[in-house]
Structures are given as structure tokens and as C-alpha cells.
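Okay, everyone, thanks for coming. I'd like to talk through how the chains meet in this one, and then look inside one of them.

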Amino acid sequence: MSVATAKERPNTNTPRSVVVEGNEAAAIGVGLSRPDVVAVYPITPQSSLVEHISQMIADGRLNASLMNVEGEHAVLNGLQGVALAGGRTFTATSGPGIAFMFEPYVRTPGLRLPMVASLVTRDLLSPQCVWGGQQDAMVVREAGWIQMHCETVQEILDTTVMAYKIAEHRDVMLPVNVCHDGNYLSFGVTRVELPEQEQVDKFLGPAATNWHIALDPLRPMGVDPLTGGSGGPGARNFVRYRKGECRGMQNALRVISEVHAEWAERFGRSHAPLIEEYRLDDADYALVTIGGMTGAAKDAVDIARDQGEAVGLIKVKTFRPFPLEAMTKALAKVNRVGVVDRSVSFGWNSGPVYAETLGALYHTGKPIPAVSFIGGLAGADITAEHFARAIALTRDLKWQSGPREPVWLNEND
Amino acid sequence: MHSKYLIVGSSHAALEGATAIRLIDSDGTLAMLTRDARLPYSPTILPYVVSGRSRPDKVKLRDESYFRANAIDFVSDATVASLDPAQQSLCLVSGETRRYDKLLIATGAAPALPPVPGLREVPYHVLRSMNDAVGLHEAMQHAKSALVLGAGLIGMHAAENMAEARIGVCVVEMQRHALSGYFEPRASTIIERTFTRNGIRMLMGRTLQRVERAGEGCRATLSDGSTIEADLLLVCTGVKPNMDFLAGSGIETEAGILVDDRMRTSAPNVWAAGDVAQARGFWGDKVLNGILPNAVEQGRIAGLDMADDAGLQPFPGAVPLNTYSFFGQQAISVGRAHADDGVDVKESGDDDKGVYRRIALKDGKLIGIATINDFIDAGVMWQLILRGTDLSAVRDKFIADPMLTGRQLMSQTWR
Amino acid sequence: MAKCFSTLQFHPERCDGCIECMTACAQAKAGTDDLRFSRIRILPSINGSGHELALCRQCADPVCVMNCPSGALTKNADTGVVDWAGDKCVDCLLCTAGCAYAGIVYEAEVGHVSKCDMCDGAPACVAACKNGALEHRTEARLFNGFAEKEDMFCPGLAACHGCNSELLIRHTMRMVGPDSVVAAPPGCIPGMGTVGYNGQTGAKVPIFHSLLTNTATMLAGVKMQYNRVGREVIAVALSGDGGTADAGFQSVSGAAERNDPILFICVDNEGYMNTGMQASGVTPYGSWSSTTPVGGAMQGKRTEAKNLPVIMTMHNCSYVATASPAFLEDYYAKLAKAIEVSKTGMAYLHVYTPCPTGWRFPSSMTTEVCRMQVRTNFVALWEYDPENGLRFTHKVDRPEPVSNYLKMIGKYRHLSEEQVAHIQRTVDDKIAYLDQLTKIETHAAASAH
């Protein structure tokens, strides 16, 4: 097996694996997906991602147009134009970038534009902070974008390619954020295996971004005319569109699973599409994790298992749409659950994944003790030791006697 | 039959009404009924048909292509018998019923016959329709002598035509002077003298006592006791509006159909314009103002109002106006040049050379001007009157050269 | 559709009374120097200090024609000339009663009425005028050309009474044509229904209700994709001043800096008129608006308008121009350039479009207000490209005082004398500044590009 950095990799004679950071893995995934236009604007810890793509375009390794715009807001606006004209698009952002992007961001799903953007997750200001955390992703979780959170650098690459297939699926037609943790995954360097371009081309097929709405003189239409009002056709139309978005989201659950299965078949690498159950079947209690923290959490579970603890793990990959059915099934297997978040739900005084896990628990018909852990904010490391504490606390949960407050894992680091 | 717009009549007021409607409403159904058998023509052209200068088939005001292009249903030989404003319908002599949303009455006027004993028993001519003109032209081919009753514009025109055709003509006029509606005695005298010089007997201030048949022609006895024999008798003693069919309709009439400044009659959805309408005079009471420019303006206002034109400028009031050519000379009268009640009047000219000018100003504003063989722009003068242009500062210049001063003033307004 | 026609324009300020035009007319029409045969008449002014004109205006609704009983006068549907047929004329002179300007008159020597016939499209009087006081205006060809082009908007757009924006966008898109994509950010232009309502469109071209903030960049994206696939599509922004100068400025500035190949048209009505007349960054000093009200402590806007088109020139994008709907031929010329330029770089047109509703003036006066903006130099008409720099396209030699403009507009009703004087100073300064820009030698800049 030959190993080379992506920069040295010639366009032909593709090596089968490279050693790259997470951001470059995403860039490779983008390159393989052959977008028409990539819009770039720097922000830590995302910048190297678009730098890698810019270099690929500069080198001629990627035949895409580079849009150097004046801010994240413009990034998404420009790409909406491209998508409405029929092009496949990519961009990446992070933290305050998505805050600035918010106005066109919330509009993208309503326009049903199947755009793919990396969200290199970062905590939001203030306090001032440039480090990892998932507060950005959690804040925009009701914007209508599909959110898939990656655990490994390889998963970033693979999910980035799969994201196009999911977004552009006729039953979905929604934008996808491929999320990976700032710092830990964005700059974490590992070896990744590279899919063959030809195989990816076959897997993705041609872009299909504007068959439903278009800014195209060959089929002129008014895109997004005014609608709504206190009653009548305006209100009715609006409901029709909103319901359509919700239906697309629910369809995405099926499509994400199908696409992951096809990926495994074609490329021999399998990733859990919605949630991953880890050592759960014989577990008495479980942790719920999301994103890059899961590796350390699995180590902690393994250690606890070695010590005789009946602990398992549920990893959320697809957070939007929320995989309710899969979560309900998984939660039904255990009697206590601890949910580890890298962000905060200010409204519930807990982690947001925790709050949503409680929602899924309702569907199990079996109320069980649960606790919210919040860790890894602002770039803090959640180590196996932190998880060991979480496992111990979860094991000891009793109905209605557990902590009402979230447990802040890094509070005393 | 129903149409959104129905116009009765086909001369100037009717045609401008139709054109105005089509400016605003290109789709609404529009029908135009005329009692005549011909395409539209102007009553003003008739003396020229009589003289042979204009051929009857060359004086159409509109042809079929106009009606086609403007989607106007032009119906000839259609005489209205009665109108029912409540039902918004009118009945034709043929028995046909026509319904409308909006109706414009532009039926014009017909010759008014004086109550002269024997008149209806002798062959006589009038001159109001093309058939009249053609008939008169025919009759002139055989006549040696003619008696013209009435020295208004039509009578004077016809007398001139007959004189040119070497017919011995005698004009009898009840008033003391010819054209007394437009000119004061001094001007009329200049015109009468020209007629006399051209061999026409001008018997002013006389009426007809009696007419009787004499051979193919007639013999007339005048109020002064004299008698005149003529091969041809032409009666031009004025006109009366064609509005008999309004009997029982409830529409208010006096001398004509009473209209407001938008040409609306007393009945909803009924307008009237032109010689049939009695509209506000520029200086006061409602008047008949049977002149062509008046018909044009009223027809246009009526049409715009019928089509709900938001920018309609209402009728400014009727101003008498005429341009009159006789024996190669020109007489022009605008407004009340003959007025003499508290008016600043300037008269000038040379009666022997047939040159005349009279200007009447009141409070520094022009109220009338008349000239003979001294050209002025009637349209300019008309505007100076209508706009109430204050001439105080340029009075002397205007008196000295009304044509130049008028042009200068109007040029300024155009910038 | 009604046609427009060429016409003769008289510039009295250029006329020295030489009456060469009259001689030329008499020669052309009667082969004589006898001026009584001239159909154009130059007259001394009534106060003796200038000249007046008596000439047929070839009216659109000629009363002379209406007054003609013989069918001798007709309005020629092809040329627009009021034609006179001598063989039908009966010399009744009723036509002269229809003309307020002595355009058709009787001359005893001529023997009947005579009037200008425009010399079959090559007026002899214009050729004879040394001073340019008579001008043969042939822009009608341009208007007719426009009339023949397809209107790219549906009938029944619901702009306010007297609004020039609808006129502007209809004319603009006629020239741009169907191979285009339009973006209209929130404001009066989508508000009048261009993008449509409830799934129905108001335009015949693809049109997008872009965000207030993103129009330029969004269009740049559209254009970029069509360039990739090799299709020529004109990308047009029809934006208000808020979507250009305020919230939209970052996007506009970015696109201009990148010289994105789009045509960006700012329809400047000096504020957020669609949302209730709030002030924007280009609302002028002193102006009342619903967010710069007039009261004891505040008398309208306290700061100046930013000069957005000048700022745009500082981006070195391919073309920048200002325009006024009262000077449409000037606008057409600039629009034609802008369309061409937008195929490769950014063209920015800033059109000053007064708002009768929000500025408080009668809806019938919009075009007069536009004219007065230019006559007072409140609005300057110019164009810029990096190679040739800035130049005036309609220099006003003797501007009227800005107060003549301000007093037409209700939103300036409260202004004190000091405020008016202040506005006059800023107008003078603006023109002086633009004047300096016109004098910059740009050859070096040109070769550097």
C-alpha cells in the first residue's frame, strides 16, 4: 500500500490511500464529487479545507470554478445562484461563519436546493473562542438542513461524497451539512483510503440540482414569489411548501440508509448511517455520543466492559433529521442512559442531544433514568477518563434521584 | 343587439367620441348608428360639393378600414325612433332595438323651415345632407335664377356657388346684415359689398311673406311688397337639433339637449355632443354652438368621459368661432368681437380695400377678434380667450399686430 | 401600439435670429427666397431679448386634422407627419382654428394653408441652422425599436401611481431580452408583483426574489454556472437603494471588486419606500422620512447621502453610470453599454427614481421632478469605465438653484433657509468633485489594466 500526501498525488495513477488531516479528507471528498463551483471564505478551524480545494483548482486537479467571496453570507448566496442555474456546489464554514451565513442558510432548504457544505463545528461566541465545540451545529438544527456528524477522518471523506447523493436524491432535495469537529477531526491526521474517481462518478451520477426550480431562460419562472397571509391561497401554499420540506426530511432517513448501504457495497467501507449501536445488545445502560468524541467514548466503554460493566454506546451520526425510530429501538434495550453533548441547550439547562434523547425515550413507552453530560466545549478534550466518570454516574442513576443539573465534564480540568 | 358604447350620429362629434373611447378602452363593444346611407362626411363640406369643387366620393372623414381597425360596428341607414333611458335601449325606425351601457347622442341638426305660407307647396332645397348637396348641384345645372333665403354661412356659401355658376342670385335675410352671428355691421357690410360686386342681390332686413309656384320655379313676395321669381329656391334659415326621438325619454332639453361640462345629459349613461347639445357658454348660459371645432371638442370630451378617463379636462365653455372664405377673401371671427358692453374695442382697416380688424378686450383679456383679409391664427386667438391670458402688459403690441403677438405668446407657453 | 415619431426641437437659447432656416424652407418648398413661403417662422421674443417659434408640432392628436371637413389633413401613421392634401383642401381655414401654435397658417401669396412636412425626414431648416438651435430629434426610432421588443413583465404590475420604476424596469428588460435571469431583492420591484404571488410569476424571464443582502453575489453564482456550461445569459439585478447601498452593499462591493459579469441596476428612491418610507444610506440630508422625522429636536435626516455610484467607481469594475428616467435616451445608451459590458465584467447603473408616494409630490409630476433633479445638479448624469475615467453625459451649464427642486418635494417642506443653503453647497461641492474626476488622466491606469 503506497502512501502519499494529497498535494503530491498526481491526477492519474491515484494512490489507494493517503495520510491527511480531516479538513483535507473533506477536500478530497469534494474533489471526487466534481462540484461546479466552490465558494470559499476563511474561518478557523475550517480554513485549511477551502485552502486544499483552492489548491486543487489552482493545480488543475479539480475542474471547478473558484468563487472568492467577501464573507460567508456571500458564499451561500453565490452558491444558491449556481444551484439554481443547475450546478453542483460546495463550501465549508464554521461557528461565527454560519452565524453570518444564517440568512441565506435558512432559506436554502425552503428552496429545496441540494447543496453540500462542510460544517467544521466550533463553539459560538461569546466568550471569544476559536476552538471546537458543536454549539454552531446545534443552533442551526431547526434550519432545515440535514446534519451528519462524522467520527473519523475516513468517515469525513466518505460522508462528503455520500452527502451529494443524499442531497440530490429526488425524494430529498435538501441541503446537507457534513459536520466534523473543529480541531480534533479537522486537524487530526490519519491514513484514509481513497475511492477511485471512476467509481465515485458511477456512484454519484450527474448533478441534478435545479429540475424543480430554476433560473434558466429556457424555462422561465418566478422563483420564490411572495406567499403567505392570514388565509386563503397564500397560507395554503406556504403550508404545502413547509410540509414538503418535512416530508423530504423524513424521506432522507431512508435515503441516508440506502446510500450508506450502497457505499459499503461499492467501496467496502461501512459507516452507520443514522445511529451506531456499540456493544449495546447485552448492555444494561448506555452512553449517547455524537461526532468525534465517540472514539474516546468507545475506548472507555471497552475498558468498562473489561471491568465487567454492562455498558454500551449509541452514536448519533444523523442528527437532522432526527432518527427517532432507530433511537427508540436502541434506547429500548437499556435501563439507564447518559448523554454526552459538546454543546448547550440554554432552554433545557442540558445538552441538546440529551433533550432530544428524552423525546425519543417517550416513544419507548419506558421512562428510564437519564443524565446530561456536557463536555468538550471550546476545544476541551473529552478523555477516556471523562467518559469513565460518565459511565460510572450513568450506572448509578436511579429513577428520579439522579442529577437534575447537567454534569459539566471539563469543569474541574 | 347590445353594445357597451353606442353612438348615434356619424359626423365630427360622433367620430371624435369614438376615437376618444378607443384611446382608453380598446376592447369594449362600440357601435355607431347613422341615418345616412354613406360613410361619414362633414356638413361643412357640402357647399363645396354644391360648387363641384369636392366630389361626393372624395370627402369621406373615415373609411371602412378605420372602423375595422378600431373595432367599430358602423351601421348606416339606421334612424332612431325613440329612447328609453331606464331600459338603456333605443328603438330604430326599422323596429330594431339596440341596448347600450353608454350612449352618445351626436345626431346634429336639421334645417329649420320658416313659417312662410306656401313654402311647403313649392319645390325648395335645403342643404344639410349629402343628398341635399347632390340635389342642389343637379338643380343648378338647369337654373338661371335662384332665391336664397337666409344669409348665414350656408346661405352665403351657396349664393356664392350659384353666382360662380352664372346663376342670378338673390339673398333675402331677415336680419339687417349677413352673418350677424359672427360679425358686427361694419364687417358684414364689407362682405355684403363683395357679394353685391359679384352680382348678387343682397336684400337684408326683409322677410318672405308668401311663396307660390311659378312654372318650374317659384315666386316670392317679400315684406317690402316686392316679388322675386326664381328657378331655384334654397332655404337656409338656420337649423334645429335632431332630437325629436327624445320625446317621452325624460331627457332635459331646451333649444338643444342640455349637457354638463362632461357632456352628460340629465339621464344616466347618456351623453350628447355637437350641434345637438346645449352646453355651457364660455361667458355664461348654456348655448347651442353649431360649429365644427365645437363638435370636435365636445365629442372628444364625451368619449373620454364615457370611457372613464381619469385625466379628463372638462369643457371650458363654448366660444363662437368661424373662418369664412368668400370670393377668395377671408373673414375670421373668434369670440365676441361684436361685443360693445363695457369693452375695450379697437377697430381698424380700410373698408374700401375690404380690410377690417376689430379687437375686443375686457379686463385686459381678449374676448373677441374678427378680421377680414387680415389673417390671424384662429386657434391662437381661441386659446388666448380660453386661457384668459392677461394681455395688459402687451396690449398695444397686440392691438398693433395681433397675429405676431399671439404667436409669440403661445410659443412661450409651449416650451 | 402607438408609434413615436421624429420631431423638430427648438432651442431658443441658441437661436440668434439669423432666419437662415426660413430661407432654407422657402427654397426647399417653393424655390424662392420669399420668406412668406417659409413654413417655419422665427419670431422675435415679445420682450425683444430672444426668439420664438411658430411651426407645426406634428401633434399626436392633431386638432387641425379633427377640424378638417374635407379629409385634406391626415396624421400619417408611418411618419407621424400631419399630411396636407392640396387636392382635397377647400381653403375653409378651420384647421387654423385647431392649432394653438400657428403651425398651419394661411398666406395670401401662397393662396392656401401651408404647414411643415418635415422634408421627408431630412428637414432643410435643421441643415441650415448654424447654431444648433433647431434639432431633428430622431430618438423615436429608438422608442419604436423598444416597442417592437417584447415586454418581459406581465401587465398589471401594481406600482404606485406615478412611479417611474415600473417604466424603467419594463424598458430595461425589453432591451436586455429573454436570455436573462433577473434578481429582485425585497422592495418596490417585487412588491409591485414582478416575481409574482403564490406560485405565479410576474415576469416572462426567470426572476428570483433574492435577499436584500445577497443580490449581486447570487447573480454572480448564476452567471458563473452558465459561463461554465457555455451559455450566454445576462444576469440582471433590479435592486432598490437599500439592497444596494445598505444591507446589500457588501455583496455589491464584493461583486464589483471581483468584477463579476453581472448587470446591477440600483433603482434609487432614496429610502425604504416599500416598507413605509424609512431612511436609507442614500437618503439626502434634510429629507423627511419615517425614521428621520421632523420635530422640535430633529428636522429630517442629519447626515449626507453616500454617493454610491462614485464609490462604485472606486472598485474599478468595468462600467458605472448614473441615469434619470427623464433622460431615457441617455439611459438607453448607457444600458446598451452596460449590457455588453456585463458579459465580461460588472456594469453598475444607478438610476435616480423619485417616489411620489414617499417623497410627497403629485404623481403627475414624477418626470418633472426627475428633470429638475438634473437641471439643478442635484443629480448628475455621468458614466465611468476604468480605461476612460469619468465623464459627464449631460453637463448642465447653467444649473437652476437647488431650491427650485426642493420646493417641488413635500419631504423637504420643513427645510430652513440654512438647510437649503447647506444642500446647495453640497450639490456644488459634489459637482466640483465630479468635475475633478473628469480631469484625471487615465492612460496610465489603462495600460496598468
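**Who touches whom**

Let's start with the pair that doesn't touch: chain A and chain B have no contact joining them, and their closest C-alpha atoms lie 29 Å apart. Keep in mind that this is a predicted model.

So much for that pair. Two pairs of chains are in contact, and of those, chains A and C share the most contacts.

Now to the contact between chain B and chain C. How many residues does each chain put in? Chain B gives 36 residues and chain C gives 27 residues. On the chain B side, the elements giving two or more residues are α7 (292-306), β20 (321-326), β21 (329-335), α8 (378-386) and α10 (402-414). Which one has the largest share? That's α10(B), with nine residues. As for chemistry, the side of chain B that touches chain C has 18 nonpolar residues, twelve polar and six charged.

Okay, inside chain B. The domain assignment splits chain B into domain 1 (2-110 + 240-306), domain 2 (113-237) and domain 3 (328-414). If you're following along in the sequence, note that domain 1 is written as two segments, 2-110 and 240-306.

Let me stay with domains 2 and 3 of chain B for a moment. Their C-alpha centres lie 31 Å apart, and they do touch: eight residues of domain 2 of chain B are in contact with ten residues of domain 3 of chain B. On the domain 2 side of that contact, we've got five nonpolar residues, one polar and two charged.

That's my tour; over to you.

Conventions
Residues numbered from 1 in each chain as written. Chains lettered and ligands numbered in written order. Predicted model: local features only at pLDDT ≥ 70, side-chain atom pairs only at ≥ 80, totals over all residues. Contact = placed C-beta atoms within 7 Å. Helix = DSSP H or I, 4+ residues; strand = E, 2+ residues; numbered from the N terminus. Nonpolar A, V, L, I, M, F, W, Y, C, P; charged D, E, K, R; others polar. Domains from an automatic or database assignment.
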